[in-house]
Amino acid sequence: QSLSESLIVLTGVFCVMLSLVNISVLFQRHCSSWWTFDPGWYSSSLCILFAMTAAPAGQPTQIVCAHIWCALVGYAFQQIPSNDLDHFFDYWQAPPEQRVGMGLPVAWKRAMSVAVGVSGQGYLGIMHPPATGLAFAFSNNPAWGPTTILMILLGDLIMVIMSMVILNVFQSKQYPMFWFGYDWTFGRRKSEDRWSRCKKWRQKMRADTDKEDSEVVQCKTQSFSIEYDNV
């Protein structure tokens, strides 16, 4: 990136993160502990938004849907009974009669929540890598619940709106690149997504331009030939 683009990133990330931090302070002062809001949730997302603005993983649909998915996955694994075994080998070494009613080892819950979060994002076509940390955090924190998911969506709304305002001020930036650019048919995505269609459109425009230039040259050549014949 050039120095000017880096300054845009610096300014944008600072303004958005400062707003999120101030909102977090307000909730800590005036709301109960159930309304958890952590601005650190968005630090990695801001990196993609401002430093990799054109990346599909940083578009609004990807951010919101991936956050919701990973939060729900982590919350679901949070409901599974667990035990205090930190190492999954301890579960297998325990006698069979002690395994009954022990619940799922904590290490398994954490690993499975992240695995389901990542694979689900890929399957649904809503990849946003920073969101995966929510699956781990929700499965590991019993205090986080539906109200926390609402706070995450509030932070998403603030982050996306502020990013749109800041980035679109500059001529060299555009955000979002698309709203619903991924095909949402489950499983295998269509062979032509938005980016391939744009590429073909650019190729067609280039071919049309070349054709027009060729026709102009041909017309000038014919005109010159007619004038030469008249002379």
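**Exercise 1. Ser113 and its contacts**

Task: In this predicted model, find which residues Ser113 is in contact with, leaving aside its neighbours within four places in sequence.

Solution:
- Step 1. Locate the residue. Ser113 lies in helix H6, residues 106-124.
- Step 2. Set aside the neighbours within four places in sequence; Ser113 is then in contact with Val73, Phe77, Ala135, Phe136 and Ser139.
- Step 3. Place some of these partners. Phe77 belongs to H3, and Ala135 and Ser139 belong to H7; these three also take part in the contact between H3 and H7.

**Exercise 2. Burial of Ser113 and Gly40**

Task: Decide whether Ser113 is buried or exposed, then classify Gly40 by its relative accessibility.

Solution:
- Step 1. Recall the cut-offs: buried is under 20% relative accessible area, exposed is over 50%, and partly exposed is in between.
- Step 2. Ser113 has a relative accessible area of 0%, so Ser113 is buried.
- Step 3. Gly40 has 43% relative accessibility, so Gly40 counts as partly exposed.
- Step 4. Add the setting of Gly40. Gly40 sits in the loop between helix H1 (3-30) and helix H2 (43-51). Its C-alpha atom is 8.7 Å from that of Met17, a residue 23 positions away along the chain.

**Exercise 3. Packing of H3 and H7**

Task: Describe how helix H3 (residues 60-78) and helix H7 (residues 132-140) are arranged.

Solution:
- Step 1. Choose the descriptors. Two packed helices are described by the angle and the distance between their axes.
- Step 2. Read both values. The axes of H3 and H7 come within 7 Å and cross at roughly 25°.
- Step 3. Classify the angle. That crossing makes H3 roughly parallel to H7, because angles under 35 degrees count as roughly parallel.
- Step 4. Give the hand. H3 and H7 cross in a right-handed sense.
- Step 5. List the residues in contact. H3 contributes His67, Cys70, Ala71, Gly74, Tyr75, Phe77 and Gln78. H7 contributes Thr132, Leu134, Ala135, Phe138 and Ser139.
- Step 6. Sort them by character. Seven are nonpolar, five are polar and none is charged.

**Exercise 4. The whole protein**

Task: Summarise the fold pattern, the burial and the exposed surface of the protein.

Solution:
- Step 1. Count the elements. The protein has nine helices and two strands.
- Step 2. Put them in sequence order: α-α-α-β-α-α-β-α-α-α-α.
- Step 3. Take the burial. Of 231 residues, 32% count as buried.
- Step 4. Take the surface. About 14100 Å² is exposed, and carbon and sulfur atoms supply 64% of it.
- Step 5. Check the contacts with a separation of 6 or more. Residues 24 or more positions apart account for 68% of them.

Note on methods: Residues are numbered from 1 along each chain as its sequence is written. This is a predicted model: local features need pLDDT of at least 70, side-chain atom pairs count only at pLDDT 80 or more; totals for chains, interfaces and linings use all residues. Side-chain values use heavy atoms; hydrogens and water are left out. Axes are lines fitted to C-alpha atoms, for helices over the stretch in contact, and angles run from 0 to 180 degrees between N-to-C directions. Helices (H or I, at least four residues) and strands (E, at least two) are DSSP runs, numbered from the N terminus. Angles under 35 degrees count as roughly parallel, over 145 as roughly antiparallel, 65 to 115 as roughly perpendicular and the rest as oblique. A crossing is left-handed if the near helix is turned anticlockwise from the far one by less than a right angle, and right-handed if clockwise. Contact means heavy atoms within 4.5 Å. Ala, Val, Leu, Ile, Met, Phe, Trp, Tyr, Cys and Pro count as nonpolar, Asp, Glu, Lys and Arg as charged, and the others, Gly among them, as polar. Buried means under 20% relative accessible area, exposed over 50%, partly exposed in between (1.4 Å probe, protein chains only). Accessible areas come from the Shrake-Rupley method with a 1.4 Å probe; for residues, only the protein chains shown count as cover.
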